[in-house]
Amino acid sequence: PSITRGVTVEIPKVSWEDIGGLKDLKKKLQQVVEWPIKHSAAFSRLGISPVRGVLLHGPPGCSKTTIAKAAAHAAQASFFSLSGAELYSMYVGEGEALLRNTFNRARLAAPSIIFFDEADVVAGKRGGSSSSNVSVGERLLSTLLTEMDGLEQAKGILVLAATNRPRAIDAALLRPGRFDLVLYVPPPDLEARYEILCVHTRKMKVGDDVDLWKIAEDTELFTGAELEGLCREAGIVALRENIAATLVCNRHFQTVKESLRPALTRGEID
Ligand code: ATP
């Protein structure tokens with residue numbers, strides 16, 4: 001049925017070790033996501049109410065989705081994924097129904113994490129224009145607010161939202177009890193780039209002449225997604241050179257790196 005279109009349910013396999021860099025952010029999320037699920041009795045005993053929503057913001061390709069999945073994996077929580085753009089494009093009423101349906105299913109499957117990608121499309125500031133599309137966004141936003149408020153009675157459900165445009169998020173969503181925590185997911189620094197390269201070459205047969213630290217130094221402004229692409233493409237170049245190749249060597253990485261320009265510019269980094 002169309003009502004469940006676009007919703008996927010799973011406990012993701014990706015873990016914190018699959019994410020390079022972001023040490024503090026991972027630690028913070030472990031507290032916010034895992035503790036209330038694993039130590040819910042302690043939270044009740046002390047009368048602490050867990051965080052209901054976390055807003056992750058930062059440039060594309062820097063692991064917001066992967067972080068949400070790793071958090072669900074660590075907490076062994078069911079993972080529900082929604083896209084703001086997809087909800088927005090649905091027929092009138094269908095997007096709201098899908099939102100409500102997802103929260104209901106998350107309640108039944110608790111502990112659950114609802115990942116809400118491209119949140120700004122639905123949770124954008126209200127009253128910006130008078131076109132009929134605004135009312136679609138407003139209705140979705142008000143449904144989301146109602147559902148977030150309803151989580152107060154529910155146990156073990158956390159909403160992780162992601163956006164590249166945090167300033168576009170409606171202030172109503174940032175009130176206490178909704179998205180209590182706003183975390184910036186930055187593009188990787190040198191050490192993080194090295195760790196990301198390690199993650200994505202872990203299963204590759206890499207030659208002794210490959211110096212991942214040097215590649216990390218030469219890939220300033222590359223996102224995690226671009227570094228992952230670099231590793232994959234280097235493998236393809238090795239195979240293109242010789243289909244019987246047994247190693248991916250430095251020259252293969254260099255060939256790909258020279259053909260790539262990072263999409264990010266310094267000015268875009270928040
Ligand atoms: P978007 O805003 O475009 O949705 P995103 O921030 O959600 O992007 P992801 O989808 O999580 O980014 O990452 C894209 C790909 O890049 C993933 O396949 C992931 O493996 C890889 N990647 C990004 N950052 C990292 C990282 N820090 N460590 C390991 N892999 C990474």
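Student: On strand 2, which residues sit on the one side and which on the other, and are they buried or exposed?
Tutor: Keep in mind that this is a predicted model. One side of strand 2 carries Gly-53, Leu-55 and His-57, while Val-54 and Leu-56 are on the other. Both faces are covered, and the verdict for these residues on either side is buried.

Student: Okay, and which strands pair with strand 2 in the parallel sense?
Tutor: One partner covers residues 157-163 and is joined to strand 2 by 5 bridges, running parallel; that's strand 5. Another covers residues 179-184 and also pairs in the parallel sense, over 5 bridges. So the names you want are strand 5 and strand 6.

Student: Let's zoom in on Leu-56: what is its bridge partner in strand 5, and what does it stand opposite in strand 6?
Tutor: Leu-56 is one of the buried residues of strand 2. In strand 5, Leu-56 has Ala-162 as its bridge partner. Over in strand 6, Leu-56 stands opposite Leu-183.

Student: Now Lys-26: how far away is the nearest side chain of opposite charge?
Tutor: Lys-26 belongs to helix 1, residues 23-38, and it is buried. A salt bridge needs a nitrogen-to-oxygen approach within 4 Å. Lys-26 has no salt bridge, and the nearest oppositely charged side chain, on Glu-195, is at 5.3 Å.

Student: What does the Lys-26 side chain reach instead, and at what distance?
Tutor: Leaving aside residues up to four places away in sequence, Lys-26 touches Trp-16, Ile-19 and Gly-21. Among them, Ile-19 offers a backbone oxygen to the lysine side chain. The distance to that oxygen of Ile-19 is 2.7 Å.

Student: Which side chain has an N or O atom 2.6 Å from an oxygen atom of the ligand?
Tutor: The ligand is surrounded by 17 residues, with Gly-20, Gly-61, Thr-65, Thr-66 and Glu-228 the closest. Backbone atoms take part too: an N or O of Gly-20 is 2.9 Å from a ligand nitrogen, and one of Ala-225 is 3.3 Å from a ligand oxygen. The side chain you're after, at 2.6 Å from a ligand oxygen, is that of Thr-65.

Student: How many residues apart in sequence are the parts that Glu-191 and Lys-23 tie together?
Tutor: The whole structure has 10 salt bridges; one of them joins Glu-191 to Lys-23, with the closest N and O atoms 3.8 Å apart. Because Glu-191 lies in helix 8 (residues 190-201) and Lys-23 in helix 1, the pair ties together parts whose separation in sequence is 168 residues.

Student: Why does Lys-23 count as exposed while Glu-191 counts as partly exposed?
Tutor: The cut-off for exposed is over 50% relative accessible area. Glu-191 falls in the partly exposed class because its value is 45%. Lys-23 is exposed, with a relative accessible area of 52%.

Student: In the salt bridge between Arg-165 and Asp-120, which residue is buried?
Tutor: The closest N and O atoms of this pair are 3.1 Å apart. Arg-165 sits in the loop between strand 5 and strand 6, and Asp-120 in helix 6, 45 residues apart. Arg-165 is partly exposed at 47%. With a relative accessible area of 11%, the buried residue is Asp-120.

Student: And what is the N to O distance in the salt bridge of Asp-149 and Arg-178?
Tutor: Asp-149 lies in helix 7 and Arg-178 in the loop between strand 5 and strand 6, 29 residues apart. Asp-149 is partly exposed at 34%, whereas Arg-178 is buried at 13%. Their side chains meet, N to O, at 2.8 Å.

Note on methods: Residues numbered from 1 in each chain as written. Predicted model: local features only at pLDDT ≥ 70, side-chain atom pairs only at ≥ 80, totals over all residues. Heavy atoms only, no water. Buried < 20%, exposed > 50% of the residue type's maximum accessible area, 1.4 Å probe, protein only. Helix = DSSP H or I, 4+ residues; strand = E, 2+ residues; numbered from the N terminus. Pairing = 2+ DSSP bridges. Lys, Arg positive; Asp, Glu negative; His and termini not counted. Polar contact = N/O pair within 3.5 Å; in protein donor to acceptor, adjacent residues only side chain to side chain. Contact = heavy atoms within 4.5 Å. Near = heavy atom within 4 Å.
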